[in-house]
Amino acid sequence: MRFLVLTTLLAAAGAARAQPSEGAPVERVEGAAASEPPPSSEPEADSDAVDEGWEDEGPGLSASARVDAPPASANVLDATAAGTEANARDAAAADVSTPELLLSLPGVDVRQTGAAGAGAFVALRGAAPNQTTVLLGDLPLSSPDTGAFDLALLAGTAFDRVEVYRGGAPAWLGSGAIGGVVRFLPPEAVGRRLQARLGMGSFGRWHLGVGSEVGGPRLSVATNLEVDGATNDFPFADDGGTAFDPSDDSEGRRVNAHTRGAFGLVHVQSELPRGGQLDAVVHGASRTGGDPGPAQLTAEATRRTDVRLGGTAAYSHRFAHGRLQLAAGGNVFEQRVSDPLQEIGLERNANRDRFADATFRAAGSADLTPWLELTAVGATRTHRYEPDNQLGIDPPSSTRHTLTGTSELRAHGRAGPARAVHLELRGSARVEHQRTHAAGLRLGRTIREDSNDTRPTIRLAGAVAPRPWISFVGSVATGARFPSFLELFGNQSSIVANVGLGPEQSRAADVGLVVKGRTSGLRGLLEARYFDLRVRDIVLAAPTSQQTVRFENSEDARSRGLELGGQATWGTHIVLRGAMTYLRTRGERGVELNWRPRLQSHAHAEVHSRALGRRVHDLVAFTTVLHRGAYFNDRANLVRIAGRTWLALGCRVDLALSGDGSRLSLLATARDVLDRRGQDFLGFPLPGRRYAGELRYRWDW
Amino acid sequence: MTERKTLLFLALAMALAGCGDDDGSTTGVMDAGDPPTDGAMPDGEMPDGEMPDGGPDPVLAALPDTATFGVVSSGDGVASVGFLDASGDVAVDVWIDSGTMPPELTATLGGDVVLATETPEGTVTLLDRFGADLITRFTTGGVFIGQGRFTPESVSLNLQDAVILPDGRGFVSRFGQNPDGGAAAEDRGSDLIGFDPATLETTGERIDLSVFNLQSDGIDPETGDPVSDVNVLARPGRIVRRGDTLVVGLGRLPASFTGPRASGPGAVALVATGGLDATLFELPGGLANCDQVLPVLGSATDVIVSCKGYSNLGFGEETGTRETVGIVRLSIAASGEASVVSSWEAATADGPLAGWNTLSLGGDVVATVAFGDFVAETDDELLRIDLSTGDVSVIATGAGQFVLSQGAFTEGGPLLVPDGAMGAIRRFTPAGEGFTEETAVTIGPPTLTIRSIAAL
């Protein structure tokens with residue numbers, strides 16, 4: 001606690017000391033506040049630096065007050081971090097989903113349990129999905145107690161963009177996650193715009209979205225509302241559950257997989273006098289429908305409803321040589337599962353579990369010297385879990401108090417002949433303390449159990465840019481995941497408590513390069529990294545007897561690999577994007593970790609006609625190929641899921657409706673054209689060939 | 001970087017992105033580069049040619065004549081079956097596992113697999129229990145006989161055991177009961193359901209054991225208040241045939257494991273194979289949770305019924321559990337009547353909470369496991385109990401809790417007990433009334449836990 005307060009105060013004091021003179025340069029891009037816009041997220045954003053180079057500031061580390069342009073980077077927050085961003089704005093494909101968006105990035109895997117609206121979980125660099133932190137802006141959406149974050153609750157098109165940091169995340173985010181951080185950034189109003197989307201597709205799929213942006217000098221508001229649904233009655237190959245007997249094989253259809261979802265988001269930004277900014281985001285999401293369970297057992301009566309409401313408010317102040325952010329936020333999340341006929345569980349159940357959390361965060365950064373910056377982030381978070389099983393014993397209700405403090409020193413400057421080499425070095429230390437408490441009623445007595453733990457994590461990272469268009473980057477970091485309520489305290493029935501559980505801990509390292517620039521009509525970004533992630537004390541369920549399990553710190557694992565990502569625009573007509581992750585994993589006794597394909601790759605190519613006459617603003621044709629290599633479904637490496645390649649084709653026509661800035665786009669997309677289908681989790685088939693059409697309307701006024 | 005180099009670099013990246021490694025080598029038993037596991041044919045591969053007798057091709061390698069004990073290892077939703085010879089040495093390391101056939105919607109085996117307590121000579125009968133509800137039969141020559149699922153489409157009825165009668169009829173016990181009260185009779189569970197052992201199709205025969213359900217007084221586990229009329233289901237478990245009678249162990253546990261706790265008096269169902277009549281035989285001494293039945297070694301008439309106990313105050317609650325733990329030897333007359341030969345009750349001598357993974361050592365003597373306690377940090381114990389005298393002695397101790405699982409013993413052979421903490425099967429040679437521990441043996445994939453051993 002003392003550490004946290006001290007570093008936060010120190011950073012704030014440093015920032016205040018460096019109160020700016022008017023007109024001081026503020027073109028720094030790293031460490032943007034809760035939803036501060038980066039200079040640009042487009043690949044061409046830094047192209048001027050490529051073309052123009054950087055100013056010579058004399059020998060040795062720079063002592064100039066001028067803020068250097070950053071080394072070539074794939075993200076705007078930290079040039080040393082393995083961070084890449086994606087966005088669904090102006091996508092050529094119809095009905096783009098959040099998993100699709102994330103699968104286009106290197107080092108990212110998304111595992112899905114079915115079609116649109118079904119559970120989907122993101123995993124980074126071979127880490128498990130519950131080892132990834134999901135943020136909205138700078139505040140967390142995910143919780144250690146809700147398990148892996150279900151992406152089905154978020155509409156990817158409702159956000160401005162999503163950033164994915166693999167391995168050690170930037171200190172500003174205050175996360176010590178083992179796998180990394182997925183950060184959704186809300187839309188920002190830069191002008192006045194109304195937009196709407198209406199789409200339909202195979203298997204009863206439909207979606208409707210409306211959004212608005214009103215940006216003014218003092219106040220800007222952006223809103224997005226998305227509703228969607230699907231029957232998801234897609235066909236799948238049913239082996240009858242009898243691997244040796246093909247006589248009962250047939251083509252079945254998914255039942256009880258229907259879904260309806262809604263997602264709404266309001267983002268308000270207000271510029272205050274003297275450099276302050278208020279920033280508020282409110283979001284709500286719900287998804288309801290059937291839960292079909294594994295396809296060999298057809299659940300027809302099981303229903304599931306998830307409802308989430310959250311909000312954040314942040315005040316940030318920029319100084320000439322620093323900034324300060326105070327933010328608060330919270331989420332309430334209710335998960336209802338009704339399984340009256342014992343179709344997907346061991347028991348009939350009617351659960352209504354409620355999760356709530358509140359976070360307060362103070363963060364600041366200050367230039368202690370022209371070449372040394374201090375960043376400090378302190379946060380406290382409180383979680384509450386209230387389970388309710390209307391047909392059985394309630395697991396204990398629990399609370400968790402988390403206190404984290406992060407402090408980072410960033411040294412940056414120039415070196416070498418003509419001081420052409422840009423250097424950046426970051427070192428951060430983070431301490432997380434968790435106090436977890438459970439209370440449940442047992443035979444008329446209140447049973448209380450506690451678990452306390454404190455874990456430090458660190459990150460050291462550096463970037464060397466010998467030329468403006470290339471950076472060599474590397475980092476080492478440690479991480480931790482604290483056990484969830486359920487893992488610690490059980491559920492008084494099938495899960496036995498183990499309050500002695502410790503956190504999973506990791507050591508990660510990566511090294512690579514980022515190339516970013518423009519030359520003769522070609523603009524592009526390419527990143528390549530080798531990474532190595534070692535995780536120990538992985539929490540796994542160990543069977544005891546009579547259908548009970550107990551979570552234990554059981555295994556160690558290692559994931560190594562190579563990730564490549566890139567995007568390029570050739571002239572105005574060709575856009576290429578690609579990502580590839582090659583992964584080698586090793587678990588206990590030399591086996592591979594399950595659900596980790598050795599190779600995953602994504603390639604996307606678009607051809608644009610650009611303006612064709614007065615009406616046709618653009619005509620786009622595209623193809624996307626996603627390949628997922630073979631992998632094991634189990635930790636014993638007995639069941640191997642074959643690799644598969646999905647091909648998508650589509651087109652988009654942008655029509656200028658009139659001279660008032662309105663535009664209508666017509667989109668048609670065919671996914672899994674070769675009807676490969678497949679399954680990420682054995683028993684949970686994925687849809688095959690399917691079609692989607694969409695109308696987009698946009699009016700800039 | 002020149003324009004040409006830039007283009008080349010991007011082209012290479014895009015080309016890589018479109019490539020695949022569908023058959024990339026991996027490190028498991030499914031690896032194309034690895035030799036086939038002992039005894040198992042490579043994935044989905046059928047040997048060329050017909051059997052010498054013109055019968056169907058084997059899908060698995062033939063078991064050696066020395067194969068005496070089937071060993072099931074499992075974990076993480078998968079399982080593997082290997083075989084030991086009579087002395088406990090490995091005869092076949094992996095004969096079949098979850099990845100023997102390339103997975104389609106389901107794997108070859110699930111993760112909750114047992115061998116049937118009794119199976120006709122020359123055959124292997126595997127039960128894939130909760131979630132799969134599948135019986136798979138092979139000859140020991142590796143020829144596939146048949147596969148059948150015995151559950152409605154939407155609910156797992158949790159198969160427990162199967163028996164094949166000399167007249168060619170088969171019956172499988174279903175532990176679960178369909179919560180849908182309007183389900184068709186064959187979809188209800190809490191029964192023995194008949195099947196054709198050759199085709200693994202249901203025959204329509206059904207012995208409804210839900211007649212042994214009852215309403216019992218219990219306790220609300222949250223408030224501690226007494227609750228009346230708790231639904232206790234028959235919960236049929238293992239089956240042993242004695243002459244024309246099937247002895248079926250009954251768990252008699254509540255319909256809900258997360259609701260009020262209650263149990264029924266310990267009992268077995270006696271099913272006449274002729275008329276398929278079922279009668280209830282209640283065991284003495286207030287025992288509970290008695291779904292394990294096993295043949296008495298060397299006897300054609302007697303069975304051991306092992307009762308693991310059940311406390312209304314909670315799983316593992318010592319006092320209440322001890323009052324209901326016991327082991328009973330029954331003799332089944334040719335008429336189908338049962339009588340108690342001997343019994344041991346934990347409560348009478350403040351004895352251990354044994355009754356788990358019991359096996360017959362012959363006559364009145366059994367080996368059984370008393371599980372350790374996480375909180376008290378006591379370890380599992382393998383006990384020798386003489387039902388006639390009540391003498392209890394410790395054969396061995398496991399290094400942890402819930403680590404000693406179902407073993408096997410045949411006359412003249414070693415006592416074989418899987419030890420999860422060691423990742424091996426411990427071997428004990430009889431020496432007078434005690435045992436001498438020999439070298440342990442490992443079998444199956446090292447990533448799985450050895451769960452049970454059963455004599456062929």
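**Exercise 1.** Work out how many residues each chain puts into the contact between chains A and B, and what chain B's side is made of.

*Solution.* Start with the totals: chain A puts in 75 residues and chain B 65, where a contact means C-beta atoms, placed from the backbone, within 7 Å. This is a predicted model, where local features need pLDDT of at least 70, side-chain atom pairs count only at pLDDT 80 or more, and totals for chains, interfaces and linings use all residues. Residues are numbered from 1 along each chain as its sequence is written, with chains lettered from A and ligands numbered from 1 in the order in which they are written.

Next, the elements: on chain B's side, helix H1 (3-17) and strands S2 (78-84), S6 (134-139) and S7 (144-149) of chain B each give two or more residues. Helices (H or I, at least four residues) and strands (E, at least two) are DSSP runs, numbered from the N terminus. H1(B) gives the most, eight residues.

**Exercise 2.** Find the strand order in the open four-stranded sheet of chain B, and say which strands stand at its edges.

*Solution.* Go along the sheet: S8-S9-S10-S11 (chain B), with antiparallel pairing; a pair needs at least two DSSP bridges. S8 (159-164) and S11 (202-208) of chain B have a single partner strand each, so one side of each lacks a neighbour in the sheet. Now zoom in on S10 (189-195) of chain B: four bridges tie this strand to S11(B). B:Asp191, for one, has B:Asp208 in S11(B) as its bridge partner.

Methods. Two residues are in contact if their C-beta atoms, placed from the backbone, lie within 7 Å.
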